[in-house]
Amino acid sequence: MQDTLQLQEQTEAGACRLSLKGWIDSSNSYLLETWLDTNLDKGHGRIIFCCRDLEFVSSAGVRVFLSAVRRVAALPDCELAFADIGEQVMSVFVMTGLNKLIKQVDG
């Protein structure tokens, strides 16, 4: 199991794709929070969290994702989506109800 979080950003045609790898927990959720603080006001029309290599999300990670959903909803002309959510991460999203608040898209 991986216990770190790696973020890889790709920007193309007004969309920003952030690939997440590893775990999101209380020891590293600040990395995603910092990325959001830095990038939400850059005018991206769409932000996609690619969760293909995300192995686990703790309640701290869910809190950051919930914050992102709320913050993006308040931005004009910006959409937040999640791609390639694995079974283990999706089970956390379902348990917390986050799955009802997010938009899922194909990879």
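**View 1. V105, a buried residue of strand β5.** At 18% relative accessibility, V105 counts as buried, because buried means under 20% relative accessible area (exposed is over 50%, partly exposed is in between; 1.4 Å probe, protein chains only). V105 sits in β5, residues 104-105; helices (H or I, at least four residues) and strands (E, at least two) are DSSP runs, numbered from the N terminus. This is a predicted model with residues numbered from 1 along each chain as its sequence is written, where local features need pLDDT of at least 70, side-chain atom pairs count only at pLDDT 80 or more, and totals for chains, interfaces and linings use all residues. Side-chain values are worked out on heavy atoms, leaving out hydrogens and water. Not counting residues up to four places away in sequence, V105 touches R46, I48, A81, F82, A83 and D84, with contact meaning heavy atoms within 4.5 Å. Q88 is 17 residues from V105 along the chain, and their C-alpha atoms are separated by 18 Å.

**View 2. The largest nonpolar core.** A nonpolar core here is a set of buried Ala, Val, Leu, Ile, Met, Phe, Trp, Tyr and Cys residues joined through side-chain atoms within 4.5 Å. This one has 30 residues, and those touching the most other members are L20, L32, F49, L54, F65, F82 and F93. At least two core residues come from each of β2 (15-24), α1 (29-39), β3 (46-57), α2 (59-73), β4 (79-83) and α3 (87-96). Helix α2 chips in the most, with six.

**View 3. Helix α2 and what covers it.** With 15 residues, α2 reaches 21 Å from first C-alpha to last, close to the 21 Å expected at 1.5 Å a residue (the expected span is 1.5 Å times one less than the number of residues). Look for its buried residues: A60, G61, V62, V64, F65, A68, V69 and V72. Among the elements covering them are β2, α1, β3, β4 and α3.

**View 4. Aromatic pairs around F65.** Rings of Phe, Tyr and Trp (its six-membered ring) pair if their centres lie within 6.5 Å; planes under 30 degrees apart count as stacked, over 60 as edge-to-face and the rest as tilted. That rule gives seven aromatic pairs. One of them, F49 with F65, is tilted, at 5.4 Å centre to centre and 55° between the planes. F49 is in strand β3 and F65 in helix α2, so this pair ties together parts 16 residues apart in sequence. F49 is buried, at 0% relative accessible area, and F65 is buried at 0% too. F65 also pairs edge-to-face with F82, at 5.1 Å centre to centre and 75° between the planes. That pair links distant parts of the chain, 17 residues apart: F65 in helix α2 and F82 in strand β4. W35, F49, F65, F82 and F93 make up one aromatic cluster.

**View 5. The two sides of helix α3.** V89, M90, V92 and F93 are the buried residues to find in α3. They cover an arc of only 155° around the axis, which puts them on the same side of α3; the arc is that of the directions from the helix axis to the C-beta atoms. On the face turned away from that buried side, you'll find the exposed residues E87 and M95. Cover for the buried residues includes β3, α2, β4 and β5. Leaving aside neighbours within four places in sequence, F93 is in contact with V57, F65, F82, I85, L98, N99 and I102. Just after α3, G97 takes a positive phi of about 85°.
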